[in-house]
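User: I've got a model open on my screen and I'd like to understand the labels people put on it. Can you walk me through the reasoning behind them?

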Amino acid sequence: QVQLVESGGGLVQPGGSLRLSCAASGSIFSINAMGWYRQAPGKQRELVATRTSSGSTNYADSVKGRFTISRDNAKNTVHLQINSLKPEDTAVYYCNAELRTYRDLALHDYWGQGTQVTVSS
């Protein structure tokens with residue numbers, strides 16, 4: 001089994017910063033990409049940022065210049081540094097990993113339980 005455990009969410013004022021972290025554990029053979037998605041109330045889940053094992057990144061236009069994704073491939077962790085937070089960034093942030101397990105070596109998506117980020121004064 002594979003687990004993704006997130007941490008770092010919370011309540012922050014507009015203009016503030018947060019750092020989200022996610023650690024993947026379990027019977028992992030290899031990880032292709034790790035990233036973050038978010039879902040605001042009444043909206044669909046959307047991509048925030050992803051980073052492949054080779055270092056390629058992809059950001060949603062709405063977060064470019066404010067969010068930075070980083071990975072530690074050796075520790076199977078991914079982080080999201082969030083700066084200049086806006087009320088519209090309020091959402092549940094989910095960690096995602098596209099990985100292969102020792103069980104079948106097929107590529108599968110795994111999700112964390114989500115961490116709440118609330119931006120409010």
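Analyst: Happy to. Keep in mind that this is a predicted model. Let's start with a residue in a strand: T101 is part of β9, which covers residues 91-101.

User: Is T101 buried or exposed, and how do you know?

Analyst: Its relative accessibility is 7%. Buried means under 20%, so T101 counts as buried.

User: Which residues does T101 touch, and what makes something a contact?

Analyst: A contact needs heavy atoms within 4.5 Å. Skipping the neighbours within four places in sequence, T101 meets that with V2, S27, I28, F29, A106 and Y110.

User: What about S30, where does it sit and what is it called?

Analyst: S30 belongs to strand β4, residues 28-39. Its relative accessible area is 26%, and the partly exposed class runs between 20% and 50%, so S30 is partly exposed.

User: Which residues does S30 contact, and how far is it from Q1?

Analyst: Leaving out neighbours within four places in sequence, S30 is in contact with L99 and R100. As for Q1, it is 29 residues away along the chain, and the two C-alpha atoms are separated by 14 Å.

User: How do you know that C22 and C95 form a disulfide?

Analyst: A disulfide is a covalent bond between the sulfur atoms of two cysteines. The cut-off is a pair of cysteine sulfur atoms within 2.5 Å. The sulfur atoms of C22 and C95 are 2.1 Å apart, so the pair passes. By this rule the count is one disulfide.

User: What does the C22 and C95 pair tie together?

Analyst: C22 lies in strand β3 (residues 18-26) and C95 in strand β9, so the pair ties together parts 73 residues apart in sequence.

User: Why is the disulfide of C22 and C95 called left-handed?

Analyst: The torsion about its S-S bond is about -80 degrees, so the disulfide is left-handed.

User: And are C22 and C95 buried or exposed?

Analyst: Set both against the under 20% cut-off. C22 has a relative accessible area of 2%, so it is buried. C95 comes in at 0%, so it counts as buried too.

User: Now the whole protein. How many helices and strands are there?

Analyst: There are zero helices and eleven strands. Read along the sequence, the pattern is β-β-β-β-β-β-β-β-β-β-β.

User: What makes the protein as compact as a globular protein of its length?

Analyst: You compare two numbers. The radius of gyration is 14 Å, and the globule rule gives 14 Å for 121 residues; the two are close, so the protein is as compact as a globular protein of that length. Its C-alpha atoms fill a box of roughly 45 × 25 × 25 Å along the principal axes.

User: How much of the protein is buried, and what about its surface?

Analyst: Of the 121 residues, 40% count as buried. The accessible surface comes to about 6500 Å², and carbon and sulfur atoms own 45% of that.

User: What share of the contacts join residues at least 24 apart?

Analyst: Taking contacts between residues at least 6 apart in sequence, 56% join residues at least 24 apart.

User: What is notable about phi of S84 and of L105?

Analyst: In each, phi is positive in a residue other than glycine: near 50 degrees for S84 and near 60 degrees for L105. S84 is in the loop between β8 (77-82) and β9, while L105 is in the loop between β9 and β10 (107-111).

User: Why are S84 and L105 called partly exposed?

Analyst: Check them against the 20% and 50% limits. S84 has 41% relative accessibility, so it counts as partly exposed. L105 has a relative accessible area of 42%, so it is partly exposed as well.

User: One last pair: what are S70 and N73 called, and why?

Analyst: S70 is in strand β7 (residues 67-72) and N73 is in the loop between β7 and β8. The limits are again 20% and 50%, so S70 at 26% is partly exposed, and N73 at 39% counts as partly exposed. Beyond four places in sequence, S70 touches R51, T77, V78 and H79.

Conventions: Residues numbered from 1 in each chain as written. Predicted model: local features only at pLDDT ≥ 70, side-chain atom pairs only at ≥ 80, totals over all residues. Heavy atoms only, no water. Helix = DSSP H or I, 4+ residues; strand = E, 2+ residues; numbered from the N terminus. Buried < 20%, exposed > 50% of the residue type's maximum accessible area, 1.4 Å probe, protein only. Rg over C-alpha atoms; globule rule 2.2 N^0.38 Å. Areas by Shrake-Rupley, 256 points an atom, 1.4 Å probe, with all protein chains shown as cover.
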